[in-house]
Amino acid sequence: LVLSSTTIFGADATKIALVIGNAAYAGARLKNPVNDANALAAQLRKAGFEVILKTDAGQKDMSRAINEFGERSKLGSTALFYYAGHGIQVRGKNFLIPVDADINGEAGVRGESVDLDQVLDQLGTANVGLVILDACRNNPFESRFRRTGGAGLAQVDAPTGTLLAYATAPGKVAADGSSDNGLYTSELLR
């Protein structure tokens with residue numbers, strides 16, 4: 001069974017995507033997220049999406065882009081969020097890590113990162129919500145935590161009408177990949 005973007009999203013549906021790729025972390029640099037974000041943004045534009053693209057974004061820039069994404073998601077639209085970069089879980093909640101994060105311990109995660117719930121909250125008016133997380137490669141701050149929050153990202157109950165896709169199973173760590181794109185996004189681009 002092969003489904004085209006027209007079959008899934010409808011020919012006249014408003015399609016908006018926020019694509020974020022973060023790689024330039026001090027002391028925990030990643031190879032592929034910016035390449036992944038750029039490649040996926042190009043594919044989504046070809047499929048008729050209006051794309052907001054952010055690479056190596058700080059916390060303020062990520063939060064503003066998420067809010068803009070929510071404002072552009074209209075009633076009945078298709079809204080797609082893609083994130084490649086470091087992501088961690090703390091006490092069963094998932095956080096996306098901006099490149100300017102200065103996390104010295106578990107208590108600092110909420111103030112220095114972006115809670116995945118902030119993204120999920122923006123999907124309320126969309127007819128179809130897609131959240132793709134090519135994250136959870138490792139937790140570069142884990143040695144600073146009193147207790148570990150668990151490897152990878154935690155499982156999330158997606159809101160009604162939302163598909164949540166992880167690069168790996170909840171609680172597992174994904175590979176960054178050795179080519180120009182990460183392993184997961186390479187397959188997604190195909």
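Colleague: How exposed is Glu68, and what do the words for exposure stand for?

Modeller: Glu68 is partly exposed, at 26% relative accessibility. Buried means under 20% relative accessible area, exposed over 50%, and partly exposed in between (1.4 Å probe, protein chains only). This is a predicted model, where local features need pLDDT of at least 70 and side-chain atom pairs count only at pLDDT 80 or more, while totals for chains, interfaces and linings use all residues. Residues are numbered from 1 along each chain as its sequence is written, and side-chain values use heavy atoms, with hydrogens and water left out.

Colleague: Which residue meets Glu68 in a salt bridge?

Modeller: Side chains of opposite charge can pair when their charged atoms come close. A salt bridge is a side-chain nitrogen of Lys or Arg within 4 Å of a carboxyl oxygen of Asp or Glu. Here Glu68 pairs with Arg72, at 2.5 Å from N to O. Both lie in helix 3, four residues apart, about one turn of the helix. Helices (H or I, at least four residues) and strands (E, at least two) are DSSP runs, numbered from the N terminus.

Colleague: With which residue of strand 2 does Arg72 pair?

Modeller: Arg72 also forms a salt bridge with Glu50, with the closest N and O atoms 2.3 Å apart. Glu50 belongs to strand 2 (residues 50-55) and Arg72 to helix 3 (residues 59-72), so the pair ties together parts that are 22 residues apart in sequence. Arg72 is partly exposed at 31%, and Glu50 is partly exposed at 37%.

Colleague: How many salt bridges are found in the whole structure?

Modeller: The search finds seven. Lys93, Arg110, Asp115 and Asp117 are linked in a network of them.
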